[in-house]
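Me: I am new to this structure and should be grateful for a close look at a single part of it. Please choose one strand, describe its surroundings with care, and then set it within the whole.

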Amino acid sequence: MKQKLEQNIIPVTIFIGCCFLFFWLFYNPVKSFSEGVPGLDNRPARSASSEDSVVIGEKFISYVPAFTTSLTGNWPQFRGPGYDNISREKIKLIDHFPETGPVILWKKDLGEGHAAAAIYNGRVYVMDYDERKKADVLHCYSLTDGTELWRRSYSVVLKRNHGMSRTIPAVNEKYVVTIGPRCHVMCCNSVTGDLIWGIDPVRDFKATVPLWYTGQCPIIDNNVAIIATGGAALMMGVDCATGKVLWKTPNPDSLKMSHSSVVPMTIEGKKMYVYNALGGLFGVSAEGNDTGKLLWKVKDFSPSVIAPSPVKVGSNRIFVTAGYGAGSALYQVTRNGESYSAQTIQIYKPAEGMASEQQTPIFVNGYVFNIQPKDAGTTRNEFVCCKPDNFKNILWTSSTTDRFGLGPYILADNKFFILSDEGDLTIARFSTSKFEVLSKAKIIDGQDSWGPLAIADGMLVLRDSKQMVCVDLKVK
Amino acid sequence: MDNTRKFKRREFINTSLRLGIGAGLGAIAIGLTTRSVEGKTLWQLDTSKCVQCGNCAISCVKQVSAVKCIHVTDMCGYCDLCSGYLRSNPKDLNTAAENRLCPTGAISRHFIEEPYFEYKITEELCNGCGKCVKNCGAFGNGSLQLQIQQDQCLNCNQCAIARTCPSQAFSRVDRDSPYILKGFESKKSKG
């Protein structure tokens, strides 16, 4: 009996062991897990687009062919004549709004977006998107009364994506250059509106339309339009008179167009175009025989979305910032013979120092002024000041009583004019030691008043997501 | 012989009284029990006070918190770059795990048409950590919001999360209005 039992124990034990072994081998404890891999969202490989059929500048309507004006004030591009958001006109502006309220000269309904104005000799230029007609429309208005002088447009299909229009034209006495939401570049006669040329950087240079559409504002430098396309060319210079591409900067790192704009700077005695692309910050020669040559680049601060443009702070330092948790970085560009390089001075997150999500800071009198982003901790959405030797050291803020959201601001007649998200315009005395509000008034009722401000001849042009307003700020 | 048992009057009355008393006591017991559990109020957190500290994920007495992320779809921008779905500075804007923010993979997205994506919450996977809510509020429209899912909440007398909430966002709300959502129309949508 005992022997029989012992005879059975061994095979039973082996059988049970085999069962466990098979169970261990074939049981999958993570069978309910799924791999997190690209493509689970059914995004098509290549989205349908009607870009190939776009005829840039195809339509034109002239309303006031014989318009004349004596105004000579200029805000010719994004951030004004000096690319610094400072008006240097000698026109005295009000400290306080009248008791009867701000003097509104005119209002215009626009397509949903944040595209703001450029002003040149009494004419206001706005690159709008007409959702009903499905067209990019360049409007030219009279600065004094808002009368539309002419419009040039072309059909292009867009869908709402947190607004559609975002760019500001560049204007001089001969030309106006625009970039549309899908990157279409158009050049017209700035007085008559006659079409001169159009370029499609997506079709011709393999540029990528940024998220929420184009935010880069073009610049005109010596009658050459400067566009940072990304794709097949990092940057290019286009002759405004002919549309001929004069130079192209190679793009071996495949950097992409951001919402930032090209800023001319002179560093170490060399004029250069500085651009903060998706993938890196770089400087391109803007003068001499090597115009268009890449001088330097850095890639250690590379946010997914960049809206603010680079700011030159001091003789050879460049401050860059971006939203969505990215923070800011400070670089120093140095020259060694004929070569240039950029060294990182600071990189930090938004809660650690000065940062911006949309607007570009102002550097003046050795201080930097800015509105903090939503993720800046206790200083969120406050107007702040710091010195460029240490952007982590905020000297003062507008405090919790004055928060401005993502609104734009400008310096004119020694006063800051700051527009809040909700359309409240604050006049604050320029000071490097404290924030001092002089006056505040509701200008516009809408939401997302993010379009940059433009001022010329004492008239401030601002907008919310659907309407543009001109306010007379001159002292009577 | 007739085997059918006939109730006497006394026996009938006694039985009826016993059944009546038993039924009455049962009804009282059920009523008391029901009232003690349900009450007239429920715990809920006020989204306008919530600071997304992460306590909801770890303080709830339930093994997986009864606090879940709710998607108020009428506030959503349907963005490709969704700050509630993708981590800060993602390598690519796609569904790869290394680009996603949610630690449990509770948010999924689906392409609708260029350039829109629809985002959904898988409630079973959500642990109420609030990471997506924090980022959506900071950079997006704030359409992702934390709420106590009332069908999962035990409605404890002393809510363990409420005791640790640093922003005093928890309070008892009327049973007829069990959710406190902010938004255009405050529609609740679950994936």
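Reply: The account below begins with one strand of chain A and then widens to the rest of the model.

The model is predicted. The part chosen is strand S5 of chain A, residues 117–120. In a regular strand the side chains alternate between the two faces of the sheet. Strand S5 of chain A has A:Ala117 and A:Ile119 on one side, with A:Ala118 and A:Tyr120 on the other. These four residues are all buried, and both faces of the strand are thus covered.

S5(A) has pairing partners in chain A. Strand S2 of chain A, residues 74–75, is joined to S5(A) by two bridges, and the two strands run antiparallel. Within this pairing, A:Trp75 has A:Ile119 as its bridge partner. Strand S6 of chain A, residues 123–130, is also antiparallel to S5(A), and four bridges join them. Here A:Ala118 is matched with A:Tyr125 in S6(A). S5(A) and S6(A) form a hairpin with two residues between the strands, where A:Asn121 takes a positive phi near 50°.

The strand also belongs to a wider nonpolar setting. The largest nonpolar core holds 138 residues, and A:Ala117, A:Ala118 and A:Ile119 are among those that touch the most other members. A:Met235, A:Phe417, A:Ala454 and A:Val461 share that distinction. Leaving aside neighbours within four places in sequence, A:Met235 is in contact with A:Ile226, A:Ile227, A:Ala228, A:Thr249, A:Val262, A:Tyr273, A:Tyr275 and A:Val284. Apart from this core lies another, of 37 residues, which includes B:Cys76, B:Tyr85, B:Cys129 and B:Ile161.

A:Met235 leads to a further sheet of chain A. Strand S15 of chain A covers residues 235–239 and is joined by four bridges to strand S14, residues 224–227, the two running antiparallel. In this pairing A:Val224 has A:Asp239 as its bridge partner. Both strands lie in an open sheet of four strands, ordered S13-S14-S15-S16, with antiparallel pairing. Strand S13 (219–221) and strand S16 (245–249) of chain A stand at the edges with a single partner strand each, so one side of each has no neighbour in the sheet. From one strand to the next, the twist averages 25°.

Another open sheet of chain A has five strands in the order S3-S29-S30-S31-S32, with mixed pairing. Its edge strands are S3 (86–87) and S32 (436–442), each of which pairs on one side only. S32(A) is antiparallel to strand S31 of chain A, residues 424–429, and six bridges join the two. In that pairing A:Leu425 stands opposite A:Ala441.

These strands belong to a chain with two helices and 35 strands. The C-alpha trace of chain A spans about 120 × 55 × 55 Å along its principal axes. Of the 476 residues in chain A, 49% are buried. Among contacts in chain A with a separation of 6 or more, 55% join residues 24 or more positions apart.

Chain A also meets chain B, where 24 residues of chain A are in contact with 22 residues of chain B. On the chain B side, strand S3 (107–113) and helix H3 (131–139) each supply at least two residues. S3(B) gives the most, with three residues. That side of chain B divides into nine nonpolar, eight polar and five charged residues.

Methods
Residues are numbered from 1 along each chain as its sequence is written. Chains are lettered from A and ligands numbered from 1 in the order in which they are written. This is a predicted model: local features need pLDDT of at least 70, side-chain atom pairs count only at pLDDT 80 or more; totals for chains, interfaces and linings use all residues. A residue is buried if 20 or more other C-beta atoms lie within 10 Å of its own, exposed if 12 or fewer, and partly exposed in between; C-beta atoms are placed from the backbone. Two strands pair if DSSP finds at least two bridges between them. Two residues are in contact if their C-beta atoms, placed from the backbone, lie within 7 Å. Ala, Val, Leu, Ile, Met, Phe, Trp, Tyr, Cys and Pro count as nonpolar, Asp, Glu, Lys and Arg as charged, and the others, Gly among them, as polar. A nonpolar core is a set of buried Ala, Val, Leu, Ile, Met, Phe, Trp, Tyr and Cys residues joined through C-beta atoms within 7 Å. Axes are lines fitted to C-alpha atoms, for helices over the stretch in contact, and angles run from 0 to 180 degrees between N-to-C directions.
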